[in-house]
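Me: Please take a close look at one part of this structure. Pick a helix, and tell me what it is built into.

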Amino acid sequence: MFIEYNANPFKANIGDCMIRSISLALDMNYMDVFDGLIKIVDERGWELDEMRTGMQFLLDHGWEYVEPTNKITVSKLSKEIKSPMVAICKGHVTYLDGNGNILDTWNPGRYKVKYGFMKRIDE
């Protein structure tokens, strides 16, 4: 189910989908995620809106790269997974809560998931 949610403290929708999704996934304050991404940008010389910046942040926080075995929509994947996921689809980043819900400012449910990140399970 799509749940409209905006983690941006100013409730703006300014192309900050990566920050909004990561803050939900890690249960972190939006501005703390923003500051963490800026740190990566400063250290590596990357841009804030580059996907690799967000990817590195998630990896640094114990999440791992996952790729669906088939081309599945965000909506369908949200119903199949049992753990939270940051899903990347068609130039957009969204958050799936692991309970069948998509939390975002708009519904990307019809788009196919290219890849995503899930919390690493230590064995």
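Reply: A residue counts as buried under 20% relative accessible area, and as exposed over 50%. What falls in between is partly exposed. The model is predicted. The part I pick is helix H1, residues 17-25, with its surroundings.

Start with the cysteines. At 0% relative accessibility, Cys89 is under the 20% cut-off and therefore buried. Cys17 of H1 has a relative accessible area of 12%, so Cys17 is buried too. A disulfide is a covalent bond between the sulfur atoms of two cysteines. The structure holds zero disulfides. For Cys17, the nearest cysteine sulfur is that of Cys89, 8.5 Å away. That separation is too far for a bond, so the sulfur of Cys89 has no partner in Cys17, its closest cysteine. The cut-off for a disulfide is 2.5 Å.

Now the whole helix. Nine of the nine residues of H1 are buried. The list runs Cys17, Met18, Ile19, Arg20, Ser21, Ile22, Ser23, Leu24 and Ala25. Arg20, Ser21 and Ser23 are among them. What packs against these residues? The partners are helices H2 and H3, and strands S2, S3, S4 and S5. After the helix comes Asp27, with a positive phi near 50 degrees.

Next, the sheet. The sheet is open and has six strands, in the order S1-S5-S4-S3-S6-S2. Its pairing is mixed. S1 (2-4) and S2 are the edge strands, each paired on one side only. From one strand to the next, the twist averages 30 degrees. H1 packs on this sheet and touches S2, S3, S4 and S5. The direction of H1 makes about 20 degrees with that of S4. At the S1 end, S1 and S5 run parallel and are joined by three bridges. There, Phe2 stands opposite Ile102 in S5.

Then the core. In soluble globular proteins, nonpolar side chains tend to be buried together. Here the largest nonpolar core has 22 residues. Ile22, Phe57, Leu58, Trp63 and Val86 have the most contacts inside this core. Two or more residues each come from H1, H2, H3, S3, S4 (92-96) and S6. H1 gives the most, with six residues. A second, separate core has 13 residues, including Val74, Leu77, Ala87 and Met118.

Phe57 links the account of H1 to that of H3. Phe57 touches Ile22, and also Leu26, Met28, Val33, Gly36, Leu37 and Ile40, leaving aside residues up to four places away in sequence. Phe57 is one of the buried residues of H3 (51-60); the others are Thr53, Gly54, Gln56 and Leu58. Their cover includes H1, H2 (30-44), S2 (63-66), S3 (85-89) and S6 (115-119). Just after H3, Gly62 has a positive phi of about 85 degrees.

One residue of H3 makes a contrast. Arg52 lies in H3, but its relative accessibility is 39%, so Arg52 is partly exposed. The Arg52 side chain makes a polar contact of 2.9 Å with the side chain of Glu50. Arg20 in H1, by comparison, is buried.

In short, H1 is buried in all nine residues, packs on the sheet and gives the most residues to the largest core.

Key: Residues numbered from 1 in each chain as written. Predicted model: local features only at pLDDT ≥ 70, side-chain atom pairs only at ≥ 80, totals over all residues. Heavy atoms only, no water. Buried < 20%, exposed > 50% of the residue type's maximum accessible area, 1.4 Å probe, protein only. Helix = DSSP H or I, 4+ residues; strand = E, 2+ residues; numbered from the N terminus. Contact = heavy atoms within 4.5 Å. Core = buried A, V, L, I, M, F, W, Y, C linked by side-chain atoms within 4.5 Å. Polar contact = N/O pair within 3.5 Å; in protein donor to acceptor, adjacent residues only side chain to side chain. Pairing = 2+ DSSP bridges. Axes fitted to C-alpha atoms, helices over the stretch in contact; angles between N-to-C directions.
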